[in-house]
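Work through the exercises below with the sequence and the structure at hand. Each task is followed by a worked solution.

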Amino acid sequence: MSQLKKTTNLAKNMAEPCASKMDFESAFKRTPSVIFHIKQSMQDFHLSDEQLESVMKRMGQEMDKGLHKETNPMASVKMLPSFVQTIADGTEDGMFIALDLGGTNFRVLLVTLRAGEKAEMDSQIYKMPQGIITGPGDKLFDHIAECMAEFLHRLDMSDKHLPVGFTFSFPCLQHQLDSATLITWTKGFSAPGVEGKDVVTMMREAIQRRGDLKLEILALVNDTVGTMMSCAHDISDCLVGLIVGTGTNCCYMDKMKNVQVLPESEGDMCINMEWGAFGDDGVLDDIRNGYDRELDENSVNKGKQLYEKMISGMYLGEIVRLVLCKLTEQNVLFNGEFSDNLKTPGKFETAYVSQIERNVKNGFTAIQNILYNMDLGAMHADCEIVEYVCEAVSTRAAYLCAAGIAAIARKIKNNYPEKDQMELTVGVDGTVYKKHPTFATNLAFKVDQLTEGSGVTVKFALSYDGSGKGAALIAAVADKSRKNSKSYSPKRVKTDG
Ligand code: GLC
């Protein structure tokens with residue numbers, strides 16, 4: 001915890017990370033026209049404090065829109081009840097299977113929980129071939145079932161009767177903890193025949209088709225919810241779960257009385273915001289730039305997930321690529337010469353953005369090597385510009401994310417009017433947050449700024465294996481609840497047993 005506080009204080013004492021780049025100065029000799037183009041691309045990604053405050057306010061408004069019964073059907077930010085109502089209390093135990101589907105890899109985990117002890121995990125990663133991600137839905141679930149069977153076989157546990165927590169990281173309308181309809185695919189998935197269907201039913205059917213597995217799915221969980229749960233297990237004021245990985249999304253604990261899409265008004269409810277869709281109704285049009293529009297035009301889900309497309313790992317590298325193409329066209333970069341890789345959508349990976357920014361302190365040779373992956377013969381003067389572009393794109397992403405977190409923090413604070421000052425922890429996971437060298441500090445810096453004077457202090461903590469431990473914890477509390485209560489009603493799962 002002391003380390004977390006340090007991050008927050010560090011952020012407070014820091015100068016605005018990207019500001020220096022706005023008055024572009026360099027040791028390299030450049031013509032006024034080249035300098036103009038570089039400044040222009042920096043400017044395209046710059047958001048003033050006023051703009052960020054406004055984004056924060058708009059996020060707050062969109063959250064209200066999603067929570068209210070009358071406005072929910074029109075809302076872009078869907079604010080989906082997760083049916084997780086309280087956090088785990090550390091007494092959960094047993095063996096669980098956790099499934100984790102949400103990106104190009106699929107994971108199966110065996111999680112052993114023992115009251116008061118650290119969770120033990122064994123897991124296996126399986127690739128999700130492109131043909132499965134975009135092929136018939138039934139086949140996708142058959143593939144998952146096959147991976148599970150293979151995993152259990154390897155552990156010699158094929159005959160074990162085990163409860164399953166299924167982390168399914170796509171927007172689902174949850175009807176109860178073990179029933180959820182996929183609203184729409186995101187992150188490049190498009191398997192037909194799943195949207196509008198109950199994902200748990202489809203998974204159960206695939207298990208039945210095989211006939212050799214004795215598994216029972218108890219909970220379907222979004223990755224943000226698992227992340228919050230896993231973190232809350234260790235840090236009691238963790239009320240928010242954030243993912244900044246392939247996609248981005250957030251969940252938080254709200255009061256049931258605010259969740260007007262459900263009839264009950266007592267207690268708390270974890271809300272899966274699906275904030276990636278923020279802006280899909282046009283409310284962010286004034287801050288989106290030409291690169292954002294071009295990226296969206298060429299995406300498989302045009303017009304959707306517009307906030308996510310400015311923040312998450314699936315898109316940051318591609319935005320950088322589009323800017324580099326423009327600067328090459330303007331003869332600012334690479335002597336005006338394109339490589340085939342530079343011209344190819346998706347080739348500039350977000351991992352390169354992290355590597356380039358991490359390596360800038362080691363001089364430009366390291367960056368030259370990274371750009372060589374793109375078949376780009378970069379001079380030092382090119383490397384400097386590429387680094388600026390990466391920094392402009394990733395800093396905007398962190399700041400936009402901060403505007404969202406600040407809106408949530410303020411909203412949570414409103415639920416505790418009796419407290420003058422409160423602290424809360426955001427449990428975070430995802431490659432961008434974990435691997436990018438400055439994303440986490442930029443995020444903390446802006447959240448501090450945007451929440452100043454609001455009575456709430458936000459800390460961040462890395463959440464370990466939310467999709468495994470978190471999903472297992474949720475399955476465990478559901479299991480306990482089911483065993484303890486004869487009158488167990490799956491419609492209203494109380495996750496504290
Ligand atoms: C996408 C999904 C969302 C998930 C996020 C992070 O935005 O729609 O459900 O939480 O990616 O994986």
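**Exercise 1.** How many residues of domain 1 are in contact with residues of domain 2, and how many of domain 2 with domain 1?

Solution. The model is predicted: local features need pLDDT of at least 70 and side-chain atom pairs count only at pLDDT 80 or more, while totals for chains, interfaces and linings use all residues. Residues are numbered from 1 along each chain as its sequence is written.
- Start with the bounds, which come from an automatic or database domain assignment: domain 1 covers 2-77 + 275-462, and domain 2 covers 86-221.
- A contact means that the C-beta atoms of two residues, placed from the backbone, lie within 7 Å. By this rule, 6 residues of domain 1 touch 5 residues of domain 2.
- On the domain 1 side, the touching residues are 2 nonpolar, 3 polar and 1 charged. Here Ala, Val, Leu, Ile, Met, Phe, Trp, Tyr, Cys and Pro are nonpolar, Asp, Glu, Lys and Arg are charged, and the others, Gly among them, are polar.
- Taken over C-alpha atoms, the centres of the two domains are 31 Å apart.

**Exercise 2.** Which strands stand at the edges of the open sheet of 6 strands, and why is one side of each left without a neighbour?

Solution. Strands (E, at least two residues) and helices (H or I, at least four) are DSSP runs, numbered from the N terminus. Two strands pair if DSSP finds at least two bridges between them.
- Write down the order: β1-β11-β10-β9-β12-β13, with mixed pairing.
- Read off the edges: β1 (80-81) and β13 (456-462) each have a single partner strand, so one side of each has no neighbour in the sheet.
- Inside the order, β9 (residues 238-244) and β12 (residues 422-429) pair in the parallel sense over 5 bridges. Val240 stands opposite Val426 in β12.
- Add the helix: α15 (residues 380-414) packs on the sheet and touches β9, β10 (248-255), β12 and β13. The direction of α15 makes about 125 degrees with that of β13; axes are lines fitted to C-alpha atoms, for helices over the stretch in contact, and angles run from 0 to 180 degrees between N-to-C directions.

**Exercise 3.** In strand β7, which side chains point to the buried face?

Solution.
- Locate the hairpin: β6 and β7 have 2 residues between them. β6 (residues 172-176) and β7 pair in the antiparallel sense over 4 bridges, and Gln176 has Ser179 as its bridge partner.
- In a regular strand the side chains alternate between the two faces of the sheet.
- Apply this to β7 (residues 179-182): Ala180 and Leu182 point to one face and are buried, whereas Ser179 and Thr181 point to the other and are not. Buried means 20 or more other C-beta atoms within 10 Å of the residue's own, exposed 12 or fewer, and partly exposed in between, with C-beta atoms placed from the backbone.
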